[in-house]
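Dear colleague,

Please find below the structure that I am handing over to you. My notes on what was found in it come after the display.

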Amino acid sequence: MDKIVGPVEGYHIALRAEPEGDDWTGYARIFKCRPRHYEDVDCVLMLVSDKQGLRSAEEAWAHAEALARDRLPGLEKLA
């Protein structure tokens with residue numbers, strides 16, 4: 001399950017949630033321009049949620065989005 005949010009501080013965040021047993025894992029990719037979908041390859045940064053016990057896609061998205069938002073201030077140094 002995927003979704004895209006943004007712009008957030010000039011970036012777009014593509015989110016993915018995947019079930020793993022009874023839990024969910026969240027993934028985030030940060031883009032300078034709005035991607036068409038999560039799989040677009042021109043992302044600036046990829047992140048994986050390491051939090052255990054996420055019980056829904058919404059929880060996995062929320063955690064992955066929080067991780068991505070925490071990384072946004074440092075991205076200008078990468079550009």
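The notes below go from the overall fold to one strand residue and then to the cysteines.

Please bear in mind throughout that this is a predicted model.

Overall fold

The protein chain contains four strands and one helix. In sequence order these elements give the pattern β-β-β-β-α. The radius of gyration is 12 Å, close to the 12 Å that the globule rule gives for 79 residues, so the protein chain is as compact as a globular protein of that length. Along the principal axes, the C-alpha atoms fill a box of roughly 40 × 25 × 15 Å.

Of the 79 residues in the protein chain, 43% are buried. As to contacts between residues at least 6 apart in sequence, 40% of them join residues at least 24 apart.

Surface and charge

The exposed area of the protein chain is about 4900 Å², and carbon and sulfur atoms supply 49% of it. The chain carries 11 positive and 15 negative charges, and the mean positions of the two sets lie 5 Å apart.

Surroundings of V48

Strand β4 covers residues 45-48, and V48 belongs to this strand. Leaving aside residues up to four places away in sequence, V48 touches T25, G26, Y27 and L67. A further pair may be of interest when you view this region: V48 and A64 are 16 residues apart in sequence, while their C-alpha atoms are 6.8 Å apart in space.

Cysteines

How many disulfides does a search of the whole structure find? The search finds zero. A disulfide is a covalent bond between the sulfur atoms of two cysteines. For C33, the closest cysteine sulfur is that of C43, and the distance of 13 Å is too far for a bond. The cut-off applied is that the two sulfur atoms must be within 2.5 Å. Correspondingly, C43 is in no disulfide, its nearest cysteine sulfur being that of C33, 13 Å away.

Are these two cysteines buried or exposed? C33 is exposed, with a relative accessible area of 57%. C43 has a relative accessible area of 21% and is therefore partly exposed, given that the buried class holds residues under 20%.

In summary, the chain has the pattern β-β-β-β-α, V48 in strand β4 has contacts with residues including Y27 and L67, and the structure holds zero disulfides.

With kind regards

Key: Residues numbered from 1 in each chain as written. Predicted model: local features only at pLDDT ≥ 70, side-chain atom pairs only at ≥ 80, totals over all residues. Heavy atoms only, no water. Helix = DSSP H or I, 4+ residues; strand = E, 2+ residues; numbered from the N terminus. Rg over C-alpha atoms; globule rule 2.2 N^0.38 Å. Buried < 20%, exposed > 50% of the residue type's maximum accessible area, 1.4 Å probe, protein only. Contact = heavy atoms within 4.5 Å. Areas by Shrake-Rupley, 256 points an atom, 1.4 Å probe, with all protein chains shown as cover. Lys, Arg positive; Asp, Glu negative; His and termini not counted. Charge placed at Lys NZ, Arg CZ, Asp CG, Glu CD.
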